[in-house]
Amino acid sequence: MELNITSGVCGKQQIEVSKEITAISFGSGDVEVFATPAMIALMEKTANESVKSLLPSDCVSVGIEINAKHIKASKIGSTVVCESFLSKVEGKKLTFDITAYDENGKIGEATHCRVVVEKDKFLSKL
């Protein structure tokens with residue numbers, strides 16, 4: 001497998017905070033604010049989507065590590081924007097710097113690693 005991905009790739013996704021993605025709904029807390037697990041999922045999705053079209057057709061990237069900080073709460077109705085930046089490429093390992101923010105400023109940040117795998121080979125090992 002040969003990858004033609006270099007650092008500098010950026011991604012951007014956004015989501016509106018709804019009742020379904022609050023801490024209460026996820027079971028991760030007791031208030032109706034944007035859930036930390038939902039923020040992490042948005043971060044992973046943003047990174048994944050940013051490189052998806054750059055991968056060989058038989059490959060996907062899978063998340064292997066995330067170090068995230070949820071700095072500030074976001075209320076229902078807020079728009080959360082997530083931006084990823086591919087900061088390092090080491091063979092098949094991709095490292096992203098990710099920031100999430102809403103209309104009141106930064107709400108989270110993370111470093112996230114993904115590995116590029118051949119999809120069928122990966123699934124056959126399960």
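1. Let's start at a turn. Strand 3 and strand 4 form a hairpin with two residues between them, and G91 in that turn has a positive phi of about 65 degrees. Please keep in mind as you read that this is a predicted model. The two strands of the hairpin pair in the antiparallel sense, over nine bridges. One pair to look for joins the two strands: L86 has F96, in strand 4, as its bridge partner.

2. Now follow the chain onward. Strand 4 and strand 5 also form a hairpin, with two residues between them. Strand 4 covers residues 93-102 and strand 5 covers residues 105-118; they run antiparallel and are joined by 10 bridges. Two pairs help you to line them up on screen: T99 stands opposite E109 in strand 5, and I98 stands opposite A110 in strand 5. As background, strands of a sheet pair through backbone hydrogen bonds, either parallel or antiparallel.

3. Next, step back to the whole sheet. In what order do the five strands lie? The order is 1-3-4-5-2, in an open sheet with antiparallel pairing. Strand 1 (10-16) and strand 2 (59-70) stand at the edges with a single partner strand each, so one side of each has no neighbour in the sheet. On average, neighbouring strands of this sheet are turned by 25 degrees against each other, direction ignored.

4. What packs on this sheet? Helix 2 (residues 36-52) does, and it touches strand 1, strand 2, strand 3 (79-90), strand 4 and strand 5. The direction of helix 2 makes about 140 degrees with that of strand 2.

5. The nonpolar core deserves a careful look. The largest one has 26 residues, of which F34, M43, V80, L86, F96 and I98 touch the most other members. Helix 2, strand 3, strand 4 and strand 5 are the elements that give two or more residues to this core. Helix 2 gives the most, with six residues. This fits a general tendency: in soluble globular proteins, nonpolar side chains tend to be buried together.

6. F96 makes a good example to click on. Leaving aside neighbours within four places in sequence, F96 is in contact with A47, S50, V51, S84, F85, L86, S87, A110, T111, H112 and R114. L86 appears in that list, and you met L86 above as the bridge partner of F96.

7. Helix 2 also holds residues with polar side chains, and T46 is one of the residues that lie in this helix. Is T46 buried or exposed? T46 is buried, because its relative accessible area is 1%, under the 20% limit. The side chain of T46 reaches the backbone oxygen of L42 at 2.7 Å. Beyond its neighbours within four places in sequence, T46 is in contact with G11, K12, Q13, C82, E83 and S84.

8. N48 has its place in helix 2 as well. With 17% relative accessibility, N48 counts as buried. Which side chain does the side chain of N48 meet in a polar contact? The partner is the side chain of S61, at 2.9 Å. Setting aside neighbours within four places in sequence, N48 is in contact with S61 and R114.

9. What about the cysteines? A search of the whole structure finds zero disulfides. C59 is in no disulfide, and the nearest cysteine sulfur, that of C113, is 18 Å away. For C113, the closest cysteine sulfur is in C82, 15 Å from its own, which is too far for a bond. Both residues count as buried: C59 has 8% relative accessibility, and C113 has 6%.

10. Finally, visit a loop. S18 sits between strand 1 and helix 1 (23-26). S18 is partly exposed, with a relative accessible area of 24%. A polar contact of 2.9 Å joins the side chains of S18 and E20. Where the chain folds back, the C-alpha atoms of S18 and G77 are separated by 6.2 Å, although these residues are 59 apart along the chain.

Key:
Residues numbered from 1 in each chain as written. Predicted model: local features only at pLDDT ≥ 70, side-chain atom pairs only at ≥ 80, totals over all residues. Heavy atoms only, no water. Pairing = 2+ DSSP bridges. Helix = DSSP H or I, 4+ residues; strand = E, 2+ residues; numbered from the N terminus. Axes fitted to C-alpha atoms, helices over the stretch in contact; angles between N-to-C directions. Contact = heavy atoms within 4.5 Å. Core = buried A, V, L, I, M, F, W, Y, C linked by side-chain atoms within 4.5 Å. Buried < 20%, exposed > 50% of the residue type's maximum accessible area, 1.4 Å probe, protein only. Polar contact = N/O pair within 3.5 Å; in protein donor to acceptor, adjacent residues only side chain to side chain. Disulfide = S-S within 2.5 Å.
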